[in-house]
Structure formats: structure tokens, C-alpha cells
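Let's take a friendly walk through a protein structure, with an eye on its cysteines and on one of its helices. Have a look at the picture, and then we will go through it step by step.

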Amino acid sequence: MSSIESYGLTPLVTEPDNFNVLRIINYSCTFNEEFKYILLPVSYGTFFVLGLVLNAVALWMFVCKMRPWNATTIYMFNLAMSDLLYVLSLPLLTYYYANRNHWPFGVVLCKLTRFLFYSNLYCSILFLTCISVHRYLGICYPMRSLRWLKVRNARLICLLVWVAVISCLVPKLIFVTTSRRGEDILCHDTTRPELFPKYVAYSSSIMALLFIIPFLVILFCYTFMAWELSKVHMPTSETKRKSIKMIIIVLVVFAVCFVPFHITRTMYYSFRLQDKGCRALNIVNFTYKITRPLATANSCIDPILYFLAGDNYRGRLVYALTRRACIRRPEARGCKGSGLSVIITSEGTLPSNP
């Protein structure tokens, strides 16, 4: 039997009976959501495993292998911390959707889980913006930006990002709630039907502030970075390669994870407010639910940024893994006789005891 989800608003009793019937039909539109009970548990479970491993390794690298930190490393550490906090909540969502929309964990954990999704979403966007602006200033204004690209400033900016995101998302903790449908307890991603118009206004403001403006800043930075990198006076080809990799990865994250999610969510909210027909609502609901796992995927894509474009991250990670392997198996190929005294990488020389 197909699973359905309905949303309802009480029609105005002063309206004619035939109009009331029409409003009841539209506001009680049913969604066939059988697909999400397979898509969401599988995707969330997969992203939990990958995200936990990749971000735990990244944090281990930042804390134990990459001291002292520069400004870029500070931004990446905070980005990895945000991703790790979010993926730790994914087992609850995996259980929720595998159990066909039944939430037995209470209203507090429901609020916290939904809060962590959006806090990770917007922290990721803002930290990627910080990394992009930092690289833009270093490429386009290498001398004039020296006094701004300091570790102390990066720490202050990260603190401001966390404070801004948490402050903006406090209303989310108020809006989100649970409700009972038959024997099931639902953990709403939005809010109760009577508060939905207010929630949409709030959500649109947050999207403009924490997504649209940072995205425009990133596009501005990358446009001028690309123009500067196309010039022949760039100091080294390695600088160009790192910057180009970072541009590509960040744009892929936005194109795959953030832009589709915000577009389909805006359409979904708008269609509900405008009382569109059931067929249109089902289509946009389907596309919106598909993009939710894509938004979660950023927690697994971000570590690729560290590996390909992070300062010394790739070289130190390869060195750490190779050194551990040789300690366990000194007779292995590439270990015997070399002593791992020095490893030369494209990112520099790494001593045997960093």
C-alpha cells in the first residue's frame, strides 16, 4: 500500500460550501512518498559512514599533523568540525525514515537534529566563502592583503560565523516540533500547518542572508581569480593548480549540494502557500526530497577540498599513512632501506619526525 503524507489547514467557515470543499481537497493533498523510505535511509546511512571516516581523519590531520595552523587550515578545521557534528545526527534520521516516519526520540532530539542539518548547511557555505575570499585576496592582492590574512583574524572570523549561524537558526528550534499521526510520531522539518506562512517568511530571509549573498561573493571572487590566474605573471604553476582545483571543487559543491536544494525547497514552500494542484505539488515534493540527500553530501565532498587544495594536507596525509604502514611492515616495498628519512612531495619536503 502506498504511503501518503498530507498537510491540512482549516478552511474559512464563512466561505460557500462548494468553495470549502475545493479548499479541503487542495489543502488535504496527499503525497506519494514511498520512494523516500528507500532513498533517505540508504543515502543518510552511506553519508554517515563516509562523513564520519573522512571528517575524523581530517580533524586528526589538522590537530596532530598540521601544526602550526595558518588561516586556511583554521577555516578547514571549522568546516570539518561542522560536518562531523552533523553526520553524528544522521543515524537518527536514518532510523526515522527507515521506520516510515516514526520518531520515538522525543521533541528535543527532533529539534536538535533538524537544527544540526541547517547549521551544517550554512556553516559550510560561510566557511567555503571564507576560504574563497582568503584565496582571492592572496591571489589578487598578495602584498596589500598580508595584514588581513593572519591567523588571529581567521580565528575571529570563524567565531563570528558560528555565532551568526546559531543566532539566525534559534527560531528554527522554536518552529520545529513533533506531532502525532495515528500511531506514528512525526518529526517535522518545517513547523505546524498554522505557522507555516511565518516559517516560509523566516526561511526565505535566512536563505537570502546565509546562501544567496555568500554565493554571490564566491562568484565575484572566482571571476576575478580566474582573470588573474589567466595572466602569465603568476609566480608558480603549483599556485595556479591549487587555486584552480579549489575553484572547481567549491563550485561543484554549490552546483550539486546547495543550489538544487534551495531552488526545490523554495518551489515546494511557494507551491504550498499558493495552493497549487496536487499534481504540481507531488512533482515539486518529489524533486525537493531528492535534493535533501544532495545537501547532506557536502559533508563528504568537503574533505576532497582539503586533499586537493589544502595547504600541505595531501603531502602530510600521505606521509602519515605511509609512515604508519612502514612501522607495521618494515619489509614492505618502498620501506626497507629507505628509513622514511624524507618524503618529497609537490607540496614540499616533509621530515621523518614532523
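A disulfide is a pair of cysteine sulfur atoms within 2.5 Å. In chemical terms, it is a covalent bond between the sulfur atoms of two cysteines. Before we use this, note that the model is predicted, with local features needing pLDDT of at least 70, side-chain atom pairs counting only at pLDDT 80 or more, and totals for chains, interfaces and linings using all residues. Residues are numbered from 1 along each chain as its sequence is written, and side-chain values use heavy atoms, leaving out hydrogens and water.

How many disulfides does the structure hold? There is one, and it joins C110 to C187, with 2.0 Å from S to S. The link between C110 and C187 is right-handed, with 95° about the S-S bond. Because C110 lies in helix α5 and C187 in strand β4 (residues 184-187), the pair ties together parts that are 77 residues apart in sequence. Helices (H or I, at least four residues) and strands (E, at least two) are DSSP runs, numbered from the N terminus.

Why does C158 form no bond with C130? The closest cysteine sulfur to that of C158 is in C130, 6.2 Å away, which is too far for a bond. C158 counts as buried, at 3% relative accessibility, and C130 is buried at 13%. Buried means under 20% relative accessible area, exposed over 50%, and partly exposed in between (1.4 Å probe, protein chains only).

Helix α5 (residues 107-140) also holds F115, which is buried at 11% relative accessibility. Leaving aside neighbours within four places in sequence, F115 is in contact (heavy atoms within 4.5 Å) with I166, L169, V170 and L173.
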